[in-house]
Amino acid sequence: MDLRTNEKSLKESSTVNFTDDAVGVCEDEELPAEMATLEFTKTRVGGKKEVRHWYVGVVSPRHEKKIADDIRQLGYEAFVPIQTVTRTWSQGRKRNVDVVLIPARIFIFATDIERLALLKYGLGIRCYLVNICGKMDEYGRRPLAIVPHSQMEQFQLQILQIMHMDMML
């Protein structure tokens with residue numbers, strides 16, 4: 001069940017909700033031409049406009065890459081920061097090993113409805129991180145931690161630069 005729309009319906013909507021803060025406060029803005037891509041897919045579910053955000057999922061340690069691959073196979077975007085490190089064993093044998101930089105955490109780019117659906121698929125996502133600085137609602141719950149898209153792009157770029165520098169050495 002794919003909750004995302006195609007590119008044609010994306011371009012038909014002229015206003016969308018954007019967020020650029022960690023607590024997810026949204027405001028209505030006009031959709032800039034350079035942002036009208038599938039990367040910021042807006043979905044209409046029940047007549048509502050949905051915005052895709054970067055959520056931080058909590059998973060079992062040492063299962064990050066497998067769960068991220070499963071999420072990608074379902075058609076969603078997932079990111080696990082990985083660095084290749086050379087390890088030396090006791091016999092002097094060296095081997096390159098991929099090390100997860102943030103253990104037990106994956107970043108998922110999805111709408112709120114897609115985020116809930118991923119929990120129900122039983123992929124191994126235990127929960128999502130909350131923003132402890134956010135204001136509680138009437139039920140005593142804090143808002144989810146949302147990583148702004150600009151910060152996530154910068155983070156991915158830094159990881160790529162680190163990997164590139166390691167390859168040069």
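These legends accompany several close-up views of one predicted protein model.

**View 1. How confident is the predictor across the whole chain?** Let's start with the overall picture. The average pLDDT of the protein is 77, and 71% of the residues reach a score of at least 70. Please look at residues 1-39 with care, since pLDDT stays under 50 there. For that stretch the model has 78 contacts beyond four places in sequence.

**View 2. I106 sits in strand 9.** Strand 9 covers residues 105-110. Is I106 buried or exposed? I106 counts as buried, because its relative accessibility is 0%. Now find V58, which is 48 residues away from I106 along the chain. In space, the C-alpha atoms of I106 and V58 are separated by 6.7 Å. Leaving aside neighbours within four places in sequence, I106 is in contact with Y55, V56, G57, V59, E64, I67, I71, F79 and V80. Keep F79 in mind, as you will meet this residue again in View 4.

**View 3. L101 lies in a loop between two strands.** The loop connects strand 8 (94-100) with strand 9. L101 is partly exposed, because its relative accessible area is 34%. Which residues does L101 touch, not counting those up to four places away in sequence? They are P81, I82, Q83 and I159. For Q83 you can also compare sequence with space: L101 and Q83 are 18 residues apart in sequence and 6.7 Å apart from C-alpha to C-alpha.

**View 4. F79 and F155 form an aromatic pair.** A search of the whole structure finds five aromatic pairs, and this view shows one of them. The rings of F79 and F155 are 5.9 Å apart, centre to centre, with 85 degrees between the planes, an edge-to-face arrangement. F79 belongs to strand 6 (residues 77-79) and F155 to helix 4 (residues 149-168), so this pair ties together parts that are 76 residues apart in sequence. F79 is buried, with a relative accessible area of 14%, whereas F155 counts as partly exposed at 23% relative accessibility.

**View 5. F155 also pairs with F107.** What kind of pair do F107 and F155 make? Their planes meet at 65 degrees and their ring centres are 5.9 Å apart, so the pair is edge-to-face. Here too, distant parts of the chain are linked: F107 is in strand 9 and F155 in helix 4, 48 residues apart. F107 is buried, with a relative accessible area of 8%. Put Views 4 and 5 together and you have a cluster, with ring pairs linking F79, F107 and F155.

**View 6. Two arginines lie over aromatic rings.** Where is R93 placed relative to W89? R93 lies over the face of W89, at 5.2 Å from the ring centre. R115 lies over the face of Y128, at 5.2 Å from the ring centre.

**View 7. Here are the cysteines C127 and C133.** C127 is partly exposed, with a relative accessible area of 35%. C133, on the other hand, counts as exposed, because its relative accessibility is 72% and the cut-off for exposed is over 50%. A disulfide is a covalent bond between the sulfur atoms of two cysteines. How many disulfides does the model have? The count comes to zero.

Key
Residues numbered from 1 in each chain as written. Predicted model: local features only at pLDDT ≥ 70, side-chain atom pairs only at ≥ 80, totals over all residues. Heavy atoms only, no water. pLDDT = per-residue confidence, 0-100. Contact = heavy atoms within 4.5 Å. Disulfide = S-S within 2.5 Å. Buried < 20%, exposed > 50% of the residue type's maximum accessible area, 1.4 Å probe, protein only. Helix = DSSP H or I, 4+ residues; strand = E, 2+ residues; numbered from the N terminus. Phe/Tyr/Trp six-rings, centres within 6.5 Å; stacked < 30°, edge-to-face > 60°. Lys NZ or Arg CZ within 6 Å of the ring centre and 35° of its normal.
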